[in-house]
Amino acid sequence: MAVFLVIVTTPTHPDEKTLYLISGSLTPSDIQRLVDTLLTDPITQQSTWYDLGRGVLDTLTQPVDEVAYRPGVTDNEAESIAVGARHLSVPVAAVRTLRRYPQRTTTTPVRHNDLIELCQTFTPGDASARIVFYQNLVAAPTPRTSHIAAVPIRVLDDAGLLLASTQGLLALDLDEMRTIQAYFRTVERDPTDGELETIAQTWSEHCSHKTFKGRVVYTGDATPLPAHSAHLHPALQELGTSATIDSLIKTHLMRATNATAPNLKNLTLISAFVDNAGILAFDADTEVSFKVETHNHPSALEPFGGANTGMGGVLRDVLGVSAKPIAATDVFCFGPAHADLSAYGGTVLPTLQVAHGVVAGVQDYGNKIGVPIVNGAVFYDPGYIANPLVFCGTVGLAPRNSHPRNVSAGDTIVVLGGRTGRDGIHGATFSSIELTHTTAQEAGSAVQIGDPITEKKLIDIVIQARDARLYSAITDCGAGGLSSAIGEMGEQIGANVELTTVPLKYAGLQPWEIWLSEAQERIVMAVPPQHLSRLLAMCAAEEVEATAVGTFDGSGRLTVTYEGRSVVDLDMHFLHDGRPQRTLTATWQADTSAAPQWQPRDHAAVIAALLSHPNIASREPIIRGYDHEIQGRSIIKPLVGAYSDGPGDAAVLQIHPHTMTGIALGCGMAPQLSQFDPYWMALLSVDEALRNVVAVGADPTACAILDNFCWGDPKQADRMGGLTRATAGCHDAALAYGTPFISGKDSLNNEYRNAQGVRTAIPGTLLISALAYHPDIRHSQTSDLKAAGNALYIVGTTDSAMAGAHVSRIVGAVPGSDWRIPQVDLAQAPSTLEHLHHAIQKGLVAACHDLSEGGLAVAVAEMALAGRLGADIELDALPTRSDSVWVRMYSESPTRFLVEVSPAHEAAFTAAMAHVTHARIGTVRTEPRVIFTHQQSTIAIVSIDSLVDAFHTDIL
Amino acid sequence: MIPRVIIVRAAGINRDGDAARAVTMAGGSPDIVHIGRIIDGSVSLQDYAMLIVPGGFSYGDHLGAGAMLAVDMVHRLGDEVRRFVEDGRAVLGICNGFQVLVKSGLLPGATLAQRSASLTHNASGRFECRWVRLAAGATRSVFTQGIDQPIEVPVAHGEGRFVMQSDAQLEALAANGQVAFRYIDSDGQPTEAHPANPNGSRHGIAAICDESGRIMGMMPHPENALTPWQHPRWTRESRQQGDGLVVFQNGISWIKHI
């Protein structure tokens, strides 16, 4: 078989050459044809090619580094060449892509990630070594004989069971290993490797949520509550100082959903916590689905690939409820740029490298698949240095009742999309184990690169197959691979799979690896036999691979064979219901941390420092890289104002081109407050998500929310105590605001253990994502100031509780403030949101912005810079009990908005807000500066130009 | 009669639906067709008056944006496309579609398989999504006739810088009325400066057409600027319709007369 080396040079980028290795029964004229028609842009590039089989090679003039993906890692470029060659009828067997750079010096940035890429240095004399390197890259993998191993666990003692769990990366505890042992003692045989892996994946934290479904024994300090609203905190009262909770998800989340969903306005709950995504009826014909997922550990090891496949995964969640993805969201938690990594043992990636890789990974997948990324957040804290968080969300759209969930005995099991390789093995268990300084070596195969085009083709096919009603059930192939997807679909019926039918990327996978692989871009359908040929033809026409791999057989068992030999033979009931419930100890101590020392600075400097703070500064460098216009639904975009550079509060999407109803997407999080009390943090996060959607005109009484918990090791009682309080907060917030949770996800074990055994947990982090009904998108509003002479009103009360406020990171605890966590007044907050919503829908509001990080001062600054208009703000009129100008300027009290109202609408606005705390505090001015005054003296004068400059600090 | 417009889709094409919405609003009748169905003969280009190659990342754009779909156009659909163009019908390529038309040789020369230009990486080196202002000027394009005011539409691309082998070729193109749209700055002048020009194209080139004016390619997305509420500043300033709709209205009204 001939092997050719093609070198493509772009003269404008002389320091990076692209190399292709192409093998096959090829003639030189075949290669010339590929080079001319496919591999080279005749205007911008030049190419040369060499026949390696004849020992012909280019001559190096200087030492170079050549970077290639490791065998088995997705190489999309090479895959493209294979497809292109097929379209040109050129018989290509294998293709590999390499990049060539001048040899790296100490000052050049790192160009490859050793986990997924090889980097080889060659000097001009290394010709023969290079040929061997190239030949190896395109050589077929060495065949391995397939092997089904029995794992002798029946004879093991407790120590042996734990060792088996650790060594096999099973992430099972002793109780669970004993249960498995007991099962196999009953059936009088040892498990196969495939069975043990199947159970480990199914029982993993990722797939079975054993912490959230566990029994929690909680003790903690008492929480004083204001008398007027104590009854609005039932879950907190239930916790008291000690309580036992049977399942946080049932007690705090599902219970809240059951209580609130029936009263939801306009949206009707169709599915919560059951399907791959939460589903709501939007109107008589349409349902919307929403899911947010995390991909934290993979992103810590390979930021691009981790985030890339994170976005790919959550898009498939929505596809898994038969919906077309119409919008995406992303929220990142990173360590501060240029953070010192010396305490982490040298294996943690530099924080900027993580941030760049994550953003690029999300951008690549979202843009290529054609889904607008319309809402998100970025939060920086040293707690995320070793364990960044990457949340990706997707909203889907489907006709009502088009998502079938009726697998029947006799349905064919069809795998569609990408091929199966050795990638992503142990993803579900990997996410359930803390990161350590050696994780990269042990779990490297859990890291992958996505292939958005294969997934886009999958979306195109699923929508057609759905509309033709060709399948009876569908699910995404995610964590746990085929084992989880088929195991869950066949839970009530039983399934039989022959693994030799599964299409593979390359030969040599062991049967258990095929069964467990988490290779991306795959979905599984249950297809009634009479529809099979039509589905397969539909797929063939669009070059989507689809293969029947087995049958849902009515046996009640999960049986998997390889060449007829048994790989898995398990009772479905044991697999899905056999896991012993976990008992977790949870403790909580009220925060007693000291307030940071007051270090005075002048207000103008504080405002500038806040605006350029990484948690507040413009996200434009990230947002501009995302296509937020595609599909044409973006009515309120992530950037707003006269120059489209002000921060939008939430996204508004028009659902149908000819109706004026829509949805708003917002999010809230406050991990900086986790250390003070996760209960109030949860309330504040829900409040923020709702503030955001209300600010753009959506209806807070027609809103559903999602929870995403990222927490440390639940076996540490303090982490578990915080988590319990956070879920209690979710419950009480949902009840008070009337917003049901429709989907959620937990990512636990977000801890890092260094070589010395020192543990670092992330700050307990809760992301609340809100999807709210928008009654009329033409009455949406943005935060940019619109016209000089308009009045500025504050809505809501300002409190002196300022623990965790961003201003304290700049000047410490400010005078007149209390070092307490801000609390949401549940007796007031829901009606505040509702009244403001009605004022906006009546068209009484010219601009609206919620007060969040940095408080009033930052809200004024952001509105002014977005509108390129000035404002006079008189702090005297602000509704507050605090005399402190610092509290008035920078408090981050919840449930507050700054609202611009034209003189013509002032009377109607104040009437509409009569039952809600509000006050006129200023006026919009033409003069390009913001002036804050208090008690007749000027507190600060800042020019719009200086605000723009400060806000546009580059966070990447 | 409502003119029929074929919108071709392929792996990774993702603005086909947006283009169809635009065609419908402009009074045309769009069919979105997978390229495989034209190649296998079950759909014929000749049943349509206009061909749109929409935006996306066809086949992933790993070998240069639009390159793989251009291979399809030249080597798998060559005869159909040639006939369609020689028959005097209209072709519009948007974003990835523009890249496909250029890389298949249909632009600027209407010479399938013979290339004289390319669209390459933005000068910034980054993919960018932002709204831009375009001026039509004096051009042969049937899609830009009567556009005498600047229009505002979004761009979303990483490889939008139009290049030819020499500046002389670029100038000849401009002199021949083949530059259909240019990016303009706040003074209304064509610009090469970021961000008004998102990719650094010489002379602010945003769209070009062939000599007949019937084949046009453009990087910006008029199909995402159809209604007043898609505009980024609609809460500040009002408009009757999206600025991009006129491009499709022009195209549809022109094909009504062939």
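**Two open sheets in chain A**

A:Arg215 sits opposite A:Thr583, a residue of strand 23 of chain A. That pairing comes from a predicted model, and it's a handy way into a sheet of 3 strands in chain A. Strand 7 (residues 215–220) and strand 23 of chain A run in the parallel sense and share 6 bridges. The sheet is open, its order is 8-7-23, and its pairing is mixed. Strand 8 (242–246) and strand 23 (583–588) of chain A take the edges; each has a single partner strand, so one side of each is left without a neighbour in the sheet. On average, and with direction ignored, neighbouring strands here are turned by 20° against each other.

Two helices come into play next. Helix 9 (residues 248–260) of chain A packs on this sheet and touches strand 7 and strand 8 of chain A, with its direction at about 85° to that of strand 8. Helix 23 (residues 717–737) of chain A packs on the sheet too, touching strand 7, strand 8 and strand 23 of chain A, and makes about 80° with the direction of strand 23.

Then there's the sheet of 6 strands in chain A, open and antiparallel, in the order 3-1-2-5-4-6. Its edges are strand 3 (46–51) and strand 6 (117–122) of chain A, each pairing on one side only. Neighbouring strands of this sheet are turned by 25° against each other on average, direction ignored. Strand 4 (residues 64–69) and strand 6 of chain A pair in the antiparallel sense over 6 bridges, and A:Tyr69 has A:Glu117 of strand 6 as its bridge partner. Helix 3 (residues 127–138) of chain A lies across strands including strand 1 (2–9) and strand 2 (17–24), and runs at about 135° to strand 5 (92–102) of chain A.

Notes
Residues are numbered from 1 along each chain as its sequence is written. Chains are lettered from A and ligands numbered from 1 in the order in which they are written. This is a predicted model: local features need pLDDT of at least 70, side-chain atom pairs count only at pLDDT 80 or more; totals for chains, interfaces and linings use all residues. Side-chain values use heavy atoms; hydrogens and water are left out. Two strands pair if DSSP finds at least two bridges between them. Helices (H or I, at least four residues) and strands (E, at least two) are DSSP runs, numbered from the N terminus. Axes are lines fitted to C-alpha atoms, for helices over the stretch in contact, and angles run from 0 to 180 degrees between N-to-C directions. Contact means heavy atoms within 4.5 Å.
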